[in-house]
Amino acid sequence: MTEREWIKRSLKQQGIKITGEIVEIHARPWSTVLRVPTSSGDLYFKAVGSVFAFEPALTEALYRLRPDCILEVLAIDAERGWMLMADGGQTLRMAFKKGLDRRTWDEVFALYAGLQIDLASRVDELLGMGVRDRRTLKLPMLYKKLLQEEEWLLIGQPDGLTTAEYQRLLNAVPQVEALCQELAAFGIFDSLHHNDLHDANVFYNDGEITFFDWGDSSIAHPFFSLRTAFVIIEYIFDLEEDDPVFDNLARAYLRPFAQFKTEEYLWAAYQLARRLWSLSSAIKYKTQLRQIEGMREEYATAVPGLLQEFLK
């Protein structure tokens with residue numbers, strides 16, 4: 001069965017008619033997205049590669065759990081990596097392209113933290129769907145494996161690691177183990193980590209916030225999700241890395257966790273998580289570069305860059 005045949009059959013089962021031409025709007029080595037005009041408005045079909053095979057089942061499960069903040073899923077074929085989704089409207093980036101709206105970002109982070117709290121009890125279920133296991137106490141082992149795969153580190157190559165940096169990373173293995181033990185000792189549960197949370201992966205319509213694009217997800221320390229969001233905010237709004245806005249946003253994100261720990265306790269855990277979160281991202285990119293050849297030219301420097309960030 002072709003993609004278009006599956007789309008037509010899935011919509012027919014729901015009494016929805018296709019009203020125009022199905023158009024490809026996104027084609028990358030890791031996924032394809034088609035726009036499907038229908039009697040119920042535009043819908044979107046997404047086909048993901050094997051490295052993201054869990055995304056349709058995960059997205060559907062998230063929508064069942066939290067339809068208030070997850071993009072509606074109309075149908076999936078988990079084996080083929082296909083899903084059919086509603087139109088999410090405008091992204092947060094489109095809504096606030098002229099400036100940083102602090103209050104809205106506070107709302108985004110608080111809602112996202114609440115979702116992570118809800119998912120903490122479902123980690124085994126999520127792992128069973130194929131979501132990557134990068135829990136806090138597994139991070140040292142994954143870090144050591146990363147350093148063994150030197151082809152992704154570009155040692156001695158332009159925009160890669162220097163020999164001295166690589167040696168520092170090897171020497172840091174005991175430190176990473178100790179930091180992960182210390183972070184785990186705070187007792188903050190591992191949960192779903194989006195791993196690509198930014199304003200183009202969040203829909204915002206008349207105050208309604210909807211998260212989507214879960215293909216990069218893993219089970220990891222929840223606080224790691226702030227890294228990508230902060231990097232994008234820094235870049236788009238031309239902020240300094242130490243701008244006070246980031247501390248304020250972090251506190252908004254941490255607020256829902258205050259039902260478990262004090263604000264001071266959570267802040268200490270957050271500061272420790274910041275020291276490790278680039279490693280989780282480096283491991284993500286290594287996994288994808290190894291399995292998706294079409295990514296290698298565009299993202300070749302991602303792994304060494306993130307490891308250099310850790311060294312800083």
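This short presentation concerns two buried charged residues and one helix in a predicted model.

Let me begin with Arg-134. This residue sits in the loop that runs between β6 (132–133) and α6 (139–148). Arg-134 is buried, and yet it forms no salt bridge. The nearest side chain of opposite charge belongs to Asp-216, at 7.4 Å; a salt bridge would require a side-chain nitrogen within 4 Å of a carboxyl oxygen. What, then, does the side chain of Arg-134 meet in a polar contact? The partner is the side chain of Thr-287, at 3.5 Å. Beyond its neighbours within four places in sequence, Arg-134 is in contact with several residues, among them Leu-142, Asn-195, Asp-216, Ile-283 and Lys-284.

I turn now to Asp-196, which is located in the loop between β7 (191–193) and β8 (202–205). Asp-196 is likewise buried without a salt bridge. Here the nearest side chain of opposite charge is that of Lys-284, 4.9 Å away. Leaving out residues up to four places away in sequence, Asp-196 touches Asn-201, Asp-213, Asp-216 and Thr-228.

Finally, I should like to consider helix α1, residues 3–13. Which of its residues are buried? They are Trp-6, Ile-7, Ser-10 and Leu-11. Viewed down the axis of α1, the buried residues fall within an arc of 125°, and they therefore line one face of the helix. In general, an α-helix has 3.6 residues a turn, so residues three or four places apart point the same way. The cover over the buried residues of α1 includes the strands β2 (31–38), β3 (41–48), β4 (73–77) and β5 (82–86). On the other side of α1, Lys-8, Lys-12 and Gln-13 are exposed. After the helix comes Gly-15, with a positive phi near 70°.

Terms used. Residues numbered from 1 in each chain as written. Predicted model: local features only at pLDDT ≥ 70, side-chain atom pairs only at ≥ 80, totals over all residues. Heavy atoms only, no water. Helix = DSSP H or I, 4+ residues; strand = E, 2+ residues; numbered from the N terminus. Buried < 20%, exposed > 50% of the residue type's maximum accessible area, 1.4 Å probe, protein only. Lys, Arg positive; Asp, Glu negative; His and termini not counted. Polar contact = N/O pair within 3.5 Å; in protein donor to acceptor, adjacent residues only side chain to side chain. Contact = heavy atoms within 4.5 Å. Arc of directions from axis to C-beta.
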